[in-house]
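The following exercises concern the packing and burial of parts of one protein. Please study the sequence and the structure before reading each solution.

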Amino acid sequence: MVMNPKQVFLSLLIFGVAGLLLFMYLQVWIEEQQTGRVEKKSEQKATSVTREKIQEHIINQNPKFHMSDDPTEKRESRLVNSKSSTGILTKTSHSQREDEALGKTTGSLTTTLMEQHQGPKNFFKKFSKMSWPLDINPLNKSLLKDNKWKKTAATQEKRKSFLQEFCRKYDEVSRLQSFHMVSRIYVEDKYKILYCEVPKAGCSNWKRTLMVLNGLASSAYNISHDAVHYGKHLKTLDSFDLKGIYTRLNTYTKAVFVRDPMERLVSAFRDKFEHPNSYYHPVFGKAIIKKYRPNACEEELNNGSGVKFKEFIHYLLDSHRPVGMDIHWEKVSKLCYPCLINYNFVGKFETLEEDTNYFLQLIGAPKELKFPNFKDRHSSDERTNAQVVRQYLKDLTRTERQLIYDFYHLDYLMFNYTTPFL
């Protein structure tokens, strides 16, 4: 059959229209596919960003989620920071009143809100990079009433200068990364004191003194051990908002009291493991005996009592400890961050009573207030001193003694303690 020209033209026209429609459909389909892929990528990216922001928010809000470069810190933070407040960004009623008393202005409030929005991590990152003057808040020596403190004053200046010089040389020692790092600092607002608690370095009597200064008791001798440590009468610096923390760090008198690291370690062991203890025996004792005592009997494994000093040292030096660190034997460099926080006063346990009474003179405390010198617990026991420490160290190998020194080497260097008997 022969098609005439008209039929050929119509056929070509129909074929062309069909082809055009097919082309248009395919073009729309391809565009939809490309758009879908772009939207999917955008959604994935948005989800990723949201997840990252959520993780960052969690890290900023809760210090126990802080991921350290040091694998031991990830494990140790569990117990060391267990008392840290996670509500620093929540403005409580007492902090509102105290901030008003500190003269908080609209401008500073705006700054605080910006810092809260940025999160504690960013705030402390900025805070840690500040160029600290040698002495932010010099102590007022005009309050001294006599000349008997000249030697103590000279010793104090030497200690501060030594610490400052050390920190200038080893500036990378510590960086404040999260607000929990000020959780060991106690606040006394009346006399504007910040005291960093170092356990086994006179902290119980120091907290008693702060309670008397704050008007919570008339005498340090009337305050029980439980009232000091479990009564929650004293505020810690991490209970304030970021502006409150920053203001106090820059305007209050900051004190830290330290002790020979080996003496402090032995003192902590004697206190926690050589006397009945409902916390340290089941939590630490059981784990230590299970890992470091071969053929331990069932009774020892069940009650955790009777930990030997050598076993305790094996736990301390173990990179895979069965239970985390504790503030009673944690390094001072990781409790008080003395290379980041510029302490106005560096006291030592070895001269505890003299140093503290000198400090009380400097801040203008009542004349009748003297630092209590009684032993807080186990009063019948001999105080841990150099001779007692030697008795405990003699059961260790030379390598073990050296490793203990290495563990606390920053504390030895920062506070100019003599290398122990090794």
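**Exercise 1: Two helices in contact**

Helices α7 and α15 are roughly parallel to each other; the model in which they appear is predicted.

Task: Establish at what angle α7 and α15 pack and which residues meet.

Solution.
Step 1. Helix α7 covers residues 203–213 and helix α15 covers residues 352–362. Their axes lie 12 Å apart, at an angle of about 20 degrees.
Step 2. Angles under 35 degrees count as roughly parallel, and α7 and α15 are therefore placed in that class.
Step 3. The crossing of α7 and α15 is right-handed.
Step 4. From α7, the residues Trp206, Thr209 and Leu213 take part; in α15 they meet Leu352, Thr356, Phe359 and Leu360. Five residues of this contact are nonpolar, two are polar and none is charged.

**Exercise 2: An arginine in a loop**

Task: Decide whether arginine 293 counts as buried or exposed.

Solution.
Step 1. Arginine 293 is located in the loop that lies between α11 (280–292) and α12 (298–303).
Step 2. Buried means under 20% relative accessible area. Arginine 293 has 11% relative accessibility and therefore counts as buried.
Step 3. Leaving aside residues up to four places away in sequence, arginine 293 touches Ile288, Glu300, Gly306, Val307, Lys308 and Glu311.

**Exercise 3: The whole protein**

Task: State how many helices and strands the protein has, and what share of its residues counts as buried.

Solution.
Step 1. The secondary structure consists of 18 helices and five strands.
Step 2. The protein has 422 residues, of which 45% count as buried.
Step 3. The protein exposes about 23000 Å², and carbon and sulfur atoms supply 55% of this area.

Note on methods
Residues are numbered from 1 along each chain as its sequence is written. This is a predicted model: local features need pLDDT of at least 70, side-chain atom pairs count only at pLDDT 80 or more; totals for chains, interfaces and linings use all residues. Side-chain values use heavy atoms; hydrogens and water are left out. Axes are lines fitted to C-alpha atoms, for helices over the stretch in contact, and angles run from 0 to 180 degrees between N-to-C directions. Helices (H or I, at least four residues) and strands (E, at least two) are DSSP runs, numbered from the N terminus. Angles under 35 degrees count as roughly parallel, over 145 as roughly antiparallel, 65 to 115 as roughly perpendicular and the rest as oblique. A crossing is left-handed if the near helix is turned anticlockwise from the far one by less than a right angle, and right-handed if clockwise. Contact means heavy atoms within 4.5 Å. Ala, Val, Leu, Ile, Met, Phe, Trp, Tyr, Cys and Pro count as nonpolar, Asp, Glu, Lys and Arg as charged, and the others, Gly among them, as polar. Buried means under 20% relative accessible area, exposed over 50%, partly exposed in between (1.4 Å probe, protein chains only). Accessible areas come from the Shrake-Rupley method with a 1.4 Å probe; for residues, only the protein chains shown count as cover.
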